[in-house]
Amino acid sequence: MMSHPSPQKLAPTSRTSDPPNYDTWTREELIARLKELSESPTAVTTTANTPPASYNPPPEPKSSSPHQKKTKTEKSKREFNFSAYPTRKIALKFSYAGAGYGGLAWQAGPTPLPTVEGVLFAALAKARLVDPEGGFEACGWERCGRTDRGVSAAGQVVSLYVRSSNRPSPSSSTANASGTNEEAAGGTSDLRLPSLDAPTQAETETETERRSVVRYLHTLNGILPPSIRVYAWAPVAPTFSARFSCRARHYKYFFSARNLDVDAMRAGAARLVGEHDFRNLCKLDPAKQLTSFRRRILRADISPLLGNNDMHALDLVGTAFLYNQVRHIMAVLLLVGARLEAPRVVSALLNADPEGEEVEAQDGGEEPLPRVTCKPEYQMADALPLVLWDCAYDPEDARWRTDEAGMEGGSVGLYSQLVGLAERAQVEATLAEQFLAAASEFHGPAPGGSGEGGGGPCDVPLGGGMVRREGRYVRILKRRRSESVSVVNARWRSRSERREGKRPDK
């Protein structure tokens, strides 16, 4: 049988009587009560105006004073007003281990690996130093030297406009008072940026100024992965360009001298110094439509690493470099070191300009150098050992600095991080050496050839521990040549015009 609510439950309530506790009612009792309320206007009125027993009145609206601290949720919902903060142009000097990245330059389309610029820009945006909506163009982003996938850098430089203070400009005080601006640290507490709350009365003017300073190194290195580290920054003039203000670029290529004739490699590297046509020592990019391949090399030498007589480095310093130029140069020098080529092959490859003066052999030989106007086919060196070591600027253009040493973090933390990374790399190298020692009990090196006509197979070194086994080595100057620069450029223009719906000129 259906049960009915008790008379006490059905009795109309007044403002002063205790409200009914509907939590204890059955389904049938609730239905009966609803029918009663729908038929009794008085009951509806009195019940509607009677708060439930568990009712808590809402708190009084809080003052919207700009000095009132906001909750983390409120902060995250507010939009950051970049225009309220002062900006300045700076240069950042940083390093990155290229093995885990798809190159330096950001790509518009998807890439198998992240790019260094993409990760760095994301860190700048998270720290609210740049406006992510404006992208690279809005902040005037410029890089010094582009590096390919797998190539590292110890002194790469970019220039851009960034937020220069943790406090809004005085002119934006009115906007801040209305609550439209966000604190410079944003709602991301994990960044551990300086607090941007109003200073207390006990703070001195110096303390206030210190709190407004943006600590670029501490901020960015706290966001970036360990494979990217910002070393220094410099305030620069609006006319400064990370690319065009650079006076020289210094590359290093590390290699093991095991089974290589280092003296022969030095003799080959010495021929690079000066201004030459490097069309045979680079990768041709027809999209750039280059017609001049002359570049100036200021320094080219090979030396052992301090404390390690096996590992050596090629130091190559120049005012500018062509696409993959360093890796092509190193590929030829490795062939010279393996005694598969003579040092004079470097001079022959530099004797490339069809209208320029002939390059001297520099070895005292009577045989003249051939004119090599089209690049012979050969494989460039591996990317892993290549490092953009430094980008040089006039001291008055870029005066590098770090965060103040007295601040939390400073430069000590960065140095300790790099020491840890170096020690871990040394452990990995030691393990690889021990594996080699264990395997040498059962295996030995492959027999080497004696160049073309040697009659036996040989290992062609490619750098980075990579080799290519060849049954019969063919010298570079006797290999198949690529098409001339003019032919390759013309073909690219023709295809480009067809893609745009145009016909090439007849």
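1. Let's start with the cysteines. The count of disulfides in this predicted model comes to zero. A disulfide is a covalent bond between the sulfur atoms of two cysteines, and the pairs were looked for with a cut-off of 2.5 Å between sulfur atoms.

2. Where do two of the cysteines stand, buried or exposed? Cys139 counts as buried, at 6% relative accessibility. Cys374 also counts as buried, with a value of 17%; the cut-off for that label is under 20%.

3. Now for the overall build, which may help you find your way around. You will meet 14 helices and 11 strands along the chain. Of its 506 residues, 39% are buried.

4. The contacts are worth a look too. Take those between residues at least 6 apart in sequence: 71% of them join residues that are at least 24 apart.

5. On to the outside. The chain exposes about 28,900 Å², and 53% of that area is supplied by carbon and sulfur atoms.

6. Which residues make the nonpolar surface patch of about 310 Å²? Val427, Leu431 and Phe435 make it. To find Leu431, go to helix α13, which covers residues 412–439.

7. Why is Leu431 called partly exposed? Its relative accessible area is 44%, and the label applies because this value falls between the 20% limit for buried and the 50% limit for exposed. Leu431 can join a patch because patch residues need over 30% relative accessible area.

Methods. Residues numbered from 1 in each chain as written. Predicted model: local features only at pLDDT ≥ 70, side-chain atom pairs only at ≥ 80, totals over all residues. Heavy atoms only, no water. Helix = DSSP H or I, 4+ residues; strand = E, 2+ residues; numbered from the N terminus. Buried < 20%, exposed > 50% of the residue type's maximum accessible area, 1.4 Å probe, protein only. Contact = heavy atoms within 4.5 Å. Areas by Shrake-Rupley, 256 points an atom, 1.4 Å probe, with all protein chains shown as cover. Patch = residues over 30% accessible without salt bridge, like charges linked within 9 Å, V, L, I, M, F, W, Y side chains within 5 Å. Salt bridge = Lys/Arg side-chain N within 4 Å of Asp/Glu carboxyl O.
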